[in-house]
Amino acid sequence: RFKFIFQLFVRAIATPSQPIVLFLDDLQWVDKLSLQLIRTLVADKEINNFLFIGAYRANEIDDTHPLSAQLKELKKKDIAILDINVSCISKE
């Protein structure tokens, strides 16, 4: 129920004049229900003007991690996913 209501909420408030950007960090620790909510929002073809940005530590994610499985599933559904790998950032 919560996923559906939140989905309708995002559909209603994301407009061309006021798009929504949702950024979540540390997705290597994401729980199952949060991951389902993210998948619901990202895969919804009726949500326009919405951008999801997720960050995670690649060295803490393997092929058995739930996040990896969700990313593979979304790619199979032709959901646009852009991977940007950031290596160590030096102080210089």
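Read from the N terminus, the protein chain follows the order α-β-α-β-α, which amounts to three helices and two strands, and the model in which these elements appear is a predicted one. Taken along the principal axes, the C-alpha atoms fill a box of roughly 40 × 35 × 25 Å. Among contacts in the protein chain with a separation of 6 or more, 77% are made by residues 24 or more positions apart.

The interior can be approached through burial, and here 25% of the 92 residues of the protein chain count as buried, where buried means under 20% relative accessible area. In soluble globular proteins, nonpolar side chains tend to be buried together. In this model the largest nonpolar core consists of seven residues, namely Val10, Ala14, Ile20, Leu37, Leu41, Ile47 and Phe50. Phe50, a member of that core, is in contact with Val10, Ile20, Leu22 and Leu41 once its neighbours within four places in sequence are left aside. Separate from this set there is a second core of six residues, which includes Val30, Leu35, Ile61 and Leu67.

Turning from the interior to the surface, the accessible area of the protein chain comes to about 7200 Å², and carbon and sulfur atoms account for 57% of that area. As for charge, the protein chain carries 12 positive and 12 negative side chains, with Lys and Arg counted as positive and Asp and Glu as negative, and the centres of the two sets lie 7 Å apart.

Conventions: Residues numbered from 1 in each chain as written. Predicted model: local features only at pLDDT ≥ 70, side-chain atom pairs only at ≥ 80, totals over all residues. Heavy atoms only, no water. Helix = DSSP H or I, 4+ residues; strand = E, 2+ residues; numbered from the N terminus. Buried < 20%, exposed > 50% of the residue type's maximum accessible area, 1.4 Å probe, protein only. Contact = heavy atoms within 4.5 Å. Areas by Shrake-Rupley, 256 points an atom, 1.4 Å probe, with all protein chains shown as cover. Charge placed at Lys NZ, Arg CZ, Asp CG, Glu CD. Core = buried A, V, L, I, M, F, W, Y, C linked by side-chain atoms within 4.5 Å.
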